[in-house]
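Please examine the following model, beginning with its central architecture and proceeding to its overall dimensions.

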Amino acid sequence: MAHVVAAPDKFRGTATGAEVAAAMAAGAAGAGWTCDQAPLADGGEGLLAALGGSVRVTRVTGPLGRPVEAEWRMRGTTAVIEMARASGLTLAGGPEGNDPLRASTTGTGELVAAAVAAGARTVIVGAGGSATTDGGLGCLRALPPLARLRGVELVVACDVTTAFVEAAPVFAPQKGATPAQVALLTSRLERLAQVYEQDHGVDVRRLPGSGAAGGLAGGLAAVGARLIPGFELVADAIGLSERMEGADLVLTGEGFLDDQSFQGKAVGGVVELAREGGVPVLVVAGRIFGDHAVEAVSLVDRFGEERAVNDALGCIEEAVAQELAGRGGDQAVRRR
């Protein structure tokens with residue numbers, strides 16, 4: 001029987017990675033294929049579910065100052081945090097409700113402090129889904145004195161490769177910033193990079209990934225954090241490469257497939273890993289923007305916008321069943 005590995009990211013605002021993987025598995029089963037479900041995250045939302053651990057909840061300062069209850073995880077002496085749970089754009093009411101100049105990562109720093117107080121010796125911070133472009137300043141101000149962080153390994157799981165100052169022009173418009181606010185935020189990040197270099201001896205300006213979460217990654221790098229691609233962290237943790245061995249096809253997907261999908265995101269990572277292993281790969285996406293050197297299915301194009309938006313999981317299951325029907329395990333994904 002033919003075998004597929006379903007390794008999708010979330011469809012933001014619609015379905016979690018685990019829900020998408022389950023829908024893919026249902027579609028594969030309908031076509032007579034076996035399926036290994038391997039939902040992913042790239043450093044943004046979904047990191048907690050992907051890495052697991054006992055659930056903790058801490059009351060922290062939200063991105064605009066209101067308190068929020070933020071979930072995080074503890075695995076032995078390793079804490080896993082999603083900055084979006086404390087400083088995310090959704091908590092700010094989306095781009096329309098956000099105040100891009102005021103949004104702060106203070107709550108993320110409070111989560112790190114809570115993890116250290118709970119005995120964590122390694123703290124993994126997922127950087128993605130942020131409301132902020134504060135360069136991590138709020139986070140650093142909320143951290144314990146740096147002397148208390150000695151012996152604690154800080155790891156930032158980045159979902160982009162963008163450099164520190166570029167976080168403003170690249171991402172702030174998505175967080176509700178006007179052109180004038182983007183210019184101001186860019187100036188702030190330029191000045192903050194100078195301050196970090198003066199205070200900590202670390203130049204974050206060209207550090208790949210330092211612009212993740214509005215520069216939070218760069219701020220944490222300034223105080224000793226290690227920046228790594230979130231996809232690589234999760235893929236290693238779940239043994240994705242080994243699970244692809246012997247598969248006849250790899251399925252991946254996300255809500256929007258565009259150029260950024262191949263710049264540190266999970267989908268691009270899966271495509272690269274599958275190609276290295278010589279396994280065909282198929283991307284299932286809600287929408288596709290631009291042309292990409294990968295076989296892909298757009299749910300909007302296939303099922304229409306209304307159904308693709310309102311029944312994304314049903315569309316995913318049906319699309320996978322259609323694509324896999326009649327294909328043998330030794331059959332490459334056909335070009336359409």
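How many bridges join strand β7 to β8, and how do the two strands run? The model under discussion is a predicted one. In it, β7, which comprises residues 153–158, is joined to β8 by 4 bridges, and the two strands run parallel. One residue pair illustrates this connection: Cys158 has Pro229 in β8 as its bridge partner. Helix α10, formed by residues 230–238, packs on the sheet and touches β6, β7 and β8. The direction of α10 makes about 75° with that of β8.

The sheet itself is open and consists of 6 strands in the order β3-β4-β5-β6-β7-β8, with mixed pairing. Its edges are formed by β3 (54–61) and β8 (226–229), each of which pairs on one side only. On average, neighbouring strands are turned by 25° against each other, direction ignored. A further helix, α5 (residues 106–117), lies across β3, β4 (67–75), β5 (78–82), β6 (122–127) and β7, and runs at about 135° to β3.

These elements belong to a protein whose secondary structure comprises 15 helices and 11 strands. The C-alpha trace spans about 60 × 45 × 35 Å along its principal axes. Because a compact globule of 336 residues would have a radius of gyration near 20 Å, the value of 20 Å for this protein agrees with that expectation. Of the 336 residues, 55% count as buried. Among contacts with a separation of 6 or more, 72% involve residues 24 or more positions apart. The accessible surface comes to about 13700 Å², and carbon and sulfur atoms account for 49% of it.

Definitions and conventions
Residues numbered from 1 in each chain as written. Predicted model: local features only at pLDDT ≥ 70, side-chain atom pairs only at ≥ 80, totals over all residues. Heavy atoms only, no water. Pairing = 2+ DSSP bridges. Axes fitted to C-alpha atoms, helices over the stretch in contact; angles between N-to-C directions. Contact = heavy atoms within 4.5 Å. Rg over C-alpha atoms; globule rule 2.2 N^0.38 Å. Buried < 20%, exposed > 50% of the residue type's maximum accessible area, 1.4 Å probe, protein only. Areas by Shrake-Rupley, 256 points an atom, 1.4 Å probe, with all protein chains shown as cover.
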